[in-house]
Amino acid sequence: ARGASEVAGSLAALTAGEASDGLTFRAVDWSRLPRDEVQTLLAARARFKQKVFSRSVDQLQQDPSLADVRACRNEAELQTGECIITEQLKTAIQTARAALAAQAAARPAREGARRVKTAALPTIERKLALLIGVNKYKDKRVPELVGAVPDARAVRSLLESRLGYETTVLENPNREAIVRAFNKLALDAQAGDSVIVYYAGHGVLVPIEGVDTGFWLAADADAETPASWLANADIARMVAAVGARQMMLVSDSCYSGALAGKDRVQLGSGDDANDMLKRKAAVIMSSGGDEPVADEGRDGHSIFAWHFMRALEGLDRWQVGGSLYERVRAAVVKDFPQTPQYGASRAAGHQANTDYLFERREFEANTP
């Protein structure tokens with residue numbers, strides 16, 4: 001391991017290096033650095049980002065509404081990605097769709113859908129996952145990342161093969177693509193479904209009127225234009241629009257603890273999965289609290305993503321999300337100076353005495 005003076009003398013080089021067409025956070029072998037030097041390097045990267053985003057931060061502190069996404073007025077607007085579906089609009093569209101399919105006794109099987117072979121919790125109907133990874137940014141003042149897209153791909157593979165999710169992956173999407181995907185998910189997911197949304201990319205924290213507010217940065221985020229950012233409040237609105245009784249948001253970004261909030265997930269004394277599935281679970285797992293986190297660290301993946309995947313691989317039949325989170329948190333804290341968070345989203349309708357349930361599921365092999 002290098003000494004503190006050597007690390008301090010090379011912070012500029014380690015913080016932001018030249019990429020082919022912009023800046024990038026260079027890969028660091030974190031395992032070779034003492035913890036205090038890791039914290040020093042992360043703090044240097046955080047200061048660098050603060051300088052890059054300082055103008056937008058000032059604008060948002062003057063007018064917090066600059067990043068707001070408006071509500072959609074009709075179905076045609078959903079595809080623009082410039083607005084968020086409302087509960088009233090969703091109900092109208094789903095009612096119209098149900099009327100068209102009224103002759104069917106059950107939801108029609110979709111073309112190419114796989115048949116479930118074994119399921120630990122068969123009362124869960126479908127399992128849907130939206131995975132978002134952003135490495136490259138159009139604004140070259142925003143440092144590129146290394147692990148976000150590989151993390152999204154690897155988590156997708158694990159969710160599909162071991163847990164039976166139908167997945168959609170967005171690689172380096174712009175803000176409109178993210179909003180459009182959430183709108184589609186809100187329309188597609190039904191009450192009996194289980195949904196995960198996973199985000200890996202830059203996060204920014206802005207103190208606004210005494211409250212720390214977080215933002216995601218899509219690939220088209222402009223460092224000096226907050227209207228191109230995606231605020232926690234809008235992320236929460238999009239999560240709330242998903243009507244599945246099982247809903248989890250996983251955010252692997254700096255300062256993602258602001259998204260998890262302070263509401264704890266509370267369970268009763270029993271562990272009856274079918275009873276828990278009768279109530280709405282809307283939970284958020286973040287890779288850290290109100291601190292910067294590492295983009296890389298284990299086999300090309302972030303520290304958090306690596307341990308999250310190891311926990312999923314260790315899943316036997318089913319497990320409550322809070323228990324899986326505790327395994328992830330303990331492993332991450334031991335490895336790195338960041339502390340994952342886990343909380344309930346009351347705004348998205350989370351109810352007492354339930355939690356998100358991770359479940360093993362196998363599908364029959366597809367036949368020609």
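Mentor: Two strands are taken as paired if DSSP finds at least two bridges between them, where strands (E, at least two residues) and helices (H or I, at least four) are DSSP runs numbered from the N terminus. This is a predicted model, in which local features need pLDDT of at least 70 and side-chain atom pairs count only at pLDDT 80 or more, while totals for chains, interfaces and linings use all residues. Residues are numbered from 1 along each chain as its sequence is written, and side-chain values use heavy atoms, with hydrogens and water left out.

Trainee: How many helices and strands does the protein chain have?
Mentor: The count rests on the DSSP runs just described. For the protein chain it gives twelve helices and 17 strands.

Trainee: In what order do the six strands of the open sheet stand?
Mentor: The pairing in this sheet is mixed, although S6 (residues 127-133) and S8 run parallel over seven bridges, and S8 and S12 (residues 246-252) likewise run parallel over seven bridges. S12 continues to S13 (residues 281-286), again in the parallel sense, over six bridges. The full order is S7-S6-S8-S12-S13-S15.

Trainee: Which strands stand at the edges of that sheet?
Mentor: An edge strand has a single partner strand, so one side of it is left without a neighbour in the sheet. From one strand to the next, the twist averages 10°, with axes taken as lines fitted to C-alpha atoms (for helices over the stretch in contact) and angles running from 0 to 180 degrees between N-to-C directions. The edge strands are S7 (166-171) and S15 (341-344).

Trainee: Which residue of S13 is the bridge partner of Met 248?
Mentor: The register can be followed across the strands, since Lys 127 has Ser 194 as its bridge partner in S8, and Ile 196 has Met 248 as its partner in S12. Met 248 is in turn bridged to a residue of S13, namely Val 283.

Trainee: How many residues of strand S8 (residues 194-200) are buried?
Mentor: In a regular strand the side chains alternate between the two faces of the sheet. In S8 both faces are covered, with Ser 194, Ile 196, Tyr 198 and Ala 200 buried on one side and Val 195, Val 197 and Tyr 199 buried on the other; buried means under 20% relative accessible area, exposed over 50%, and partly exposed in between (1.4 Å probe, protein chains only). The strand is therefore largely enclosed by the rest of the structure, the buried count being seven of the seven residues.

Trainee: What angle does the direction of helix H11 (residues 303-313) make with that of S12?
Mentor: H11 packs on the sheet and touches S8, S12 and S13, a contact being heavy atoms within 4.5 Å. Its direction makes with that of S12 an angle of about 145°.

Trainee: From which helix does the largest share of the largest nonpolar core come?
Mentor: A nonpolar core is a set of buried Ala, Val, Leu, Ile, Met, Phe, Trp, Tyr and Cys residues joined through side-chain atoms within 4.5 Å. The largest one has 48 residues, and those with the most contacts inside it include Phe 53, Val 195 and Trp 229. The largest share, five residues, is contributed by helix H7 (residues 175-188).

Trainee: Which backbone oxygen does the side chain of Trp 229 reach?
Mentor: Trp 229 is found in the loop between S10 (211-216) and S11 (230-231), and its relative accessible area of 0% makes it buried. A polar contact is a pair of N or O atoms within 3.5 Å, where within protein one must be able to donate a hydrogen and the other to accept it, and residues adjacent in sequence count only if both atoms are side-chain atoms. At 3.0 Å, the side chain of Trp 229 reaches the backbone oxygen of Asp 222.

Trainee: Is Ser 287, in the loop between S13 and H11, buried or exposed?
Mentor: Ser 287 touches, among others, Ser 251, Phe 304 and Pro 340, and a polar atom of its side chain lies 3.2 Å from the backbone nitrogen of Ser 253. With a relative accessibility of 0%, Ser 287 is buried.

Trainee: What is the handedness of the disulfide of Cys 72 and Cys 83?
Mentor: The sulfur atoms of Cys 72 and Cys 83 are 2.0 Å apart, and a disulfide is a pair of cysteine sulfur atoms within 2.5 Å. Cys 72 lies in the loop between S3 (70-71) and S4 (83-84) and Cys 83 in S4, so the pair ties together parts that are eleven residues apart in sequence. The torsion about the S-S bond is about 90°, so the disulfide is right-handed.

Definitions and conventions. Lists of a residue's contacts leave out its neighbours within four places in sequence.
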